[in-house]
Amino acid sequence: MSLLSTDSGAAGRLRAGLVVSAALAVTAVTATAAPAVAASPGGGPAEGRAAAQEGLAHPSATLGAGPISRTATGHHAFEPGRAGRPAGTPHATPARPSAGPASRAAGWQERTVAEPDATGIRLTRVDAHVTWASGMRFDWYGDNFAFVPTLWERDDRKGTGWKERATIPGPNGYNERWNDVDASSSRSAVLVGDYHEPSGGVVNQSWNGRAWKNSVAPVPKDTIGAGFLAVDARTATDAWATGWVQVPTSDSNDSRNVGLLSHWNGTRWTTAKLPAIGGDRDGWHLVTVTALAANDVWAAGSVYGDAGTRPLLLHFDGKSWREVRVPDLGDVQAQFDALAPGPGGVVWAGGTTKAADGTRGGFALRYANGTWTRKPLPAGTAPVSAVTVNGDAPVFVVVVGEERTDVVQGNATGTRWTSLGLADAAAPPLNGFDVLASGKTIDVLGHRPPSDGTGRIGYPVVLTKTAAP
């Protein structure tokens, strides 16, 4: 969602258009402007589908041309269902997911999560056997579409396939997305979504082991649009969610984005008091959060304005949030895209850079013993879209070579890196959104373009590999 661009043009203050990015998690904004025009795609079904598919570009495709999301993917802004589904019309029955190809790259087993049109965004492990993926399906009505927030489940006691897992209906008219999901146990999980104006805030759901329950996180007065992009549920009564909220400025024709950070105590959401960030004209947001303890929480994102884009890092000590200095990344613009905890209080972070000549790259940072240090990634590594830790080994989803997604694993200190062989040149393009390590198993959630020539949006996949820490 940050800019990594010098575009500072203004736009009229309109209701936030929802961004169809590969992570589909943010609104398109300039530093002082409202989101891109909130309108459904026009010109017929083919053009609408083509425009939506355009939003599922490769992670580095739009750097320098506009905002990018938590997973550093392309974007295209629409308001779903604006002139589409009539009131009371049911959503289309979802297609049954297929098993997908047995493998795409050496050592990786790939399974289709859902048929087109759908995308996954984030993964979480619920228990020793069950994994969930959050995201959404698209319901098309001629040249318009609506989002259907969706949760999928894989239970390895029942095989390697994925199926939809029911949640409860959102508030009336809620057709947004499940941008992230995190489980602290099989009896406690949190789903986070987008702003729903009639409800007065960001709509989320919590799981108590038996049932889902809706909850609404408050947003500032006069909010135009908002959403949570990430959640970390440490316990059933201690979860943090980060995102953005679009608010008016003193100019009635403009708006800007500011970060949104809220705490869930198992019953209600409370908005955190944050330090002053950037200037009056700067936009900023938070895309990722990780809670090591009740008094040790990190959140990250970026600040963007006339001077470009810079990475933003915040820390909570149990009493207050403060901004933390980011190690020097050189003469580049940069943003954070992911955080992940490791053993012994270690934290790993990754993100995207853009040099003066427009070259895109990626960076890795390691926090240990009270200090953040930069760890060089392998030569040729471009934007980082996701991070996890396998034992004590960091695992990064990156872009390499000819815009191919790969996974690299480092040693505990990040001084040596090994490709895990995901960048298969013979396979269709893969956008990598999230990575999850559990024991010796690594799962990568991504998105494949449609292969049937119908112009559909494509479909989510999970690639799984056994890799020792």
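Q: What makes β3, β30, β29 and β28 one open sheet, and in which order do they run?
A: In this predicted model, the four strands line up as β3-β30-β29-β28 with antiparallel pairing. Strands are DSSP runs of E, at least two residues long, numbered from the N terminus. Two of them pair if DSSP finds at least two bridges between them; β3 and β30 (residues 459–466) have four bridges, in the antiparallel sense, and therefore count as paired. One position in this pairing sets Thr112 opposite Val461 in β30.

Q: Why are β3 and β28 said to stand at the edges?
A: β3 (109–112) and β28 (431–438) each have a single partner strand, so one side of each lacks a neighbour in the sheet.

Q: What makes a set of residues a nonpolar core, and which residues touch the most other members of the largest one?
A: The set must consist of buried Ala, Val, Leu, Ile, Met, Phe, Trp, Tyr and Cys residues joined through side-chain atoms within 4.5 Å. Buried means under 20% relative accessible area with a 1.4 Å probe, protein chains only. The largest core has 34 residues, and Val190, Phe228, Trp240, Trp269 and Trp321 touch the most other members. Apart from this core lies another of 16 residues, including Val407 and Leu420.

Q: How do you know which residues Trp240 is in contact with?
A: Contact means heavy atoms within 4.5 Å. Leaving aside neighbours within four places in sequence, the partners of Trp240 include Ala230, Leu261, Val289 and Trp321.

Residues are numbered from 1 along each chain as its sequence is written, and side-chain values use heavy atoms, without hydrogens and water. Local features need pLDDT of at least 70 and side-chain atom pairs 80 or more, while totals for chains, interfaces and linings use all residues.

Definitions and conventions. Buried means under 20% relative accessible area, exposed over 50%, partly exposed in between (1.4 Å probe, protein chains only).
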